[in-house]
Amino acid sequence: MTSALDKLKQLESKETSSWLEEATVRQANKAWRRLSFQIAVRILREIRMQNPVNGMTQKVLAEAMGVSPQYVNKVVKGKENLTLETISKIEVILGTRFIEIIGVASAKVENVEPASGESVCRRDAQVSLKKTIQLTEYFEYEPEYQPNGTYGY
Amino acid sequence: MEIVPIFGEYLKAIKYPYEEKDEFARLFELWQDAEYLEEFFEFHKADLTSGFWDDIDVNSAILETYDYAEIFEQRLCELSSQSSKGVKSGLDKIFKPLHDSQTQVISLGKSKAKQNWLRIYALRIESNVYVITGGAIKLTRTMQEREHTNRELERMEAVRNFLIQHGIDSNTIESFES
């Protein structure tokens, strides 16, 4: 008598599922994929929040970045191994930050002697140098989001 | 529809003619797709605060789903490399009869640290032989309450009929979920 398993085998396709191969690749790349996923979620939430205000969409983001909508779609699926350049570009366009370097942001530079009257110019502010400079002053800068449809600095 | 082997002799999945991939491969890709999860939880956000699960916002729901899918996938990868005997007993630990585990979710749901709402649905053909029919993010107590989970019940029924038509004894087919 033919068992249910034998009958099932007769119905089986010759091709095996692509799952194991795909899962092995996902597991091997899990460290950067997790970061990519987290950044993708932030981008998607930001687009959703900004859309009623300035019409932000994946397509608008792609145009502002000078890349194809297909590329942005890959980014927002969380499957792209993003470069720092790409992340920075998206941060500027959306006017928000997605990554920060732990430790560096709170580090202090001691005994910096500025030249007389010297100041550090940034596009949105001037920060006077003091004897002790907290680097957080530099790293906490966020490009300003402009609701009128312009982005960045 | 087609029946596609996943790994070993005992785990198979359905590939529907309107999908590019079989259900097992499709689900794990979907559950790690930020765009899909953001849209899904935004659409179902009322279910996140309905009291069935601990109150949770959309962002956390997306990230927890990713975590759970990753852990679940890792567990299955480990299982795939085991001997035939190991795979058999492993599958029986993963899958539970559909209606029993629905009851279990009610009593355990709130005490779980992670929101374990990922479900894989399967028909058990005989002891240790499972055919995956689909899966869902189940946010409500019963599958009938939402269109996407109700659809999974319909698909299970369609696959059951397909198998019966192809000579599998209907008495040996049971519904299971992970």
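This short talk walks through some strands and salt bridges in the structure above.

Hi everyone, and thanks for coming. One thing to keep in mind from the start: this is a predicted model.

Let's begin with strand β2 of chain B, which covers residues 11-15. Is β2(B) enclosed or open? Four of its five residues are buried, so the rest of the structure largely encloses this strand.

Who are its partners? On one side of the story we have strand β1 of chain B, residues 2-7, which runs antiparallel to β2(B) and is joined to it by five bridges. If you'd like to find one of those pairings on screen, look for B:Pro5, whose bridge partner in β2(B) is B:Lys12. The two strands make a hairpin, with three residues between them. In that turn you'll find B:Gly8, which has a positive phi of about 60°.

Then there is strand β5 of chain B, residues 129-137, which pairs with β2(B) in the parallel sense over three bridges. Here a good place to look is B:Ala13, because its bridge partner in β5(B) is B:Ile132.Now for the salt bridges. How many does a search of the whole structure find? Over all chains, there are 21.

Let me show you a few. In the first example, the side chains of B:Glu38 and A:Arg45 meet at 2.5 Å, N to O. This pair crosses between chains, going from helix α2 of chain B (residues 34-43) to helix α3 of chain A (residues 30-54). Buried or exposed? B:Glu38 counts as buried, at 3% relative accessibility, while A:Arg45 is partly exposed at 22%.

Another example is B:Glu42 with A:Arg48, where the closest N and O atoms are 3.9 Å apart. B:Glu42 lies in helix α2 of chain B and A:Arg48 in helix α3 of chain A, so this pair joins two chains as well. B:Glu42 is buried, with a relative accessible area of 16%, and A:Arg48 is partly exposed at 37%.

Next, a salt bridge within chain B: B:Arg146 and B:Asp47, with the closest N and O atoms 2.7 Å apart. B:Arg146 sits in the loop between β5 and α7 of chain B, and B:Asp47 in helix α3 of that chain (residues 45-48), so the pair ties together parts that are 99 residues apart in sequence. B:Arg146 counts as partly exposed at 27% relative accessibility, whereas B:Asp47 counts as buried at 7%.

Let me finish with a network. Salt bridges that share partners join A:Arg45, A:Arg48, B:Glu38, B:Glu42 and B:Lys45 into one network. Thanks for listening!

How values were computed: Residues are numbered from 1 along each chain as its sequence is written. Chains are lettered from A and ligands numbered from 1 in the order in which they are written. This is a predicted model: local features need pLDDT of at least 70, side-chain atom pairs count only at pLDDT 80 or more; totals for chains, interfaces and linings use all residues. Side-chain values use heavy atoms; hydrogens and water are left out. Buried means under 20% relative accessible area, exposed over 50%, partly exposed in between (1.4 Å probe, protein chains only). Two strands pair if DSSP finds at least two bridges between them. A salt bridge is a side-chain nitrogen of Lys or Arg within 4 Å of a carboxyl oxygen of Asp or Glu.
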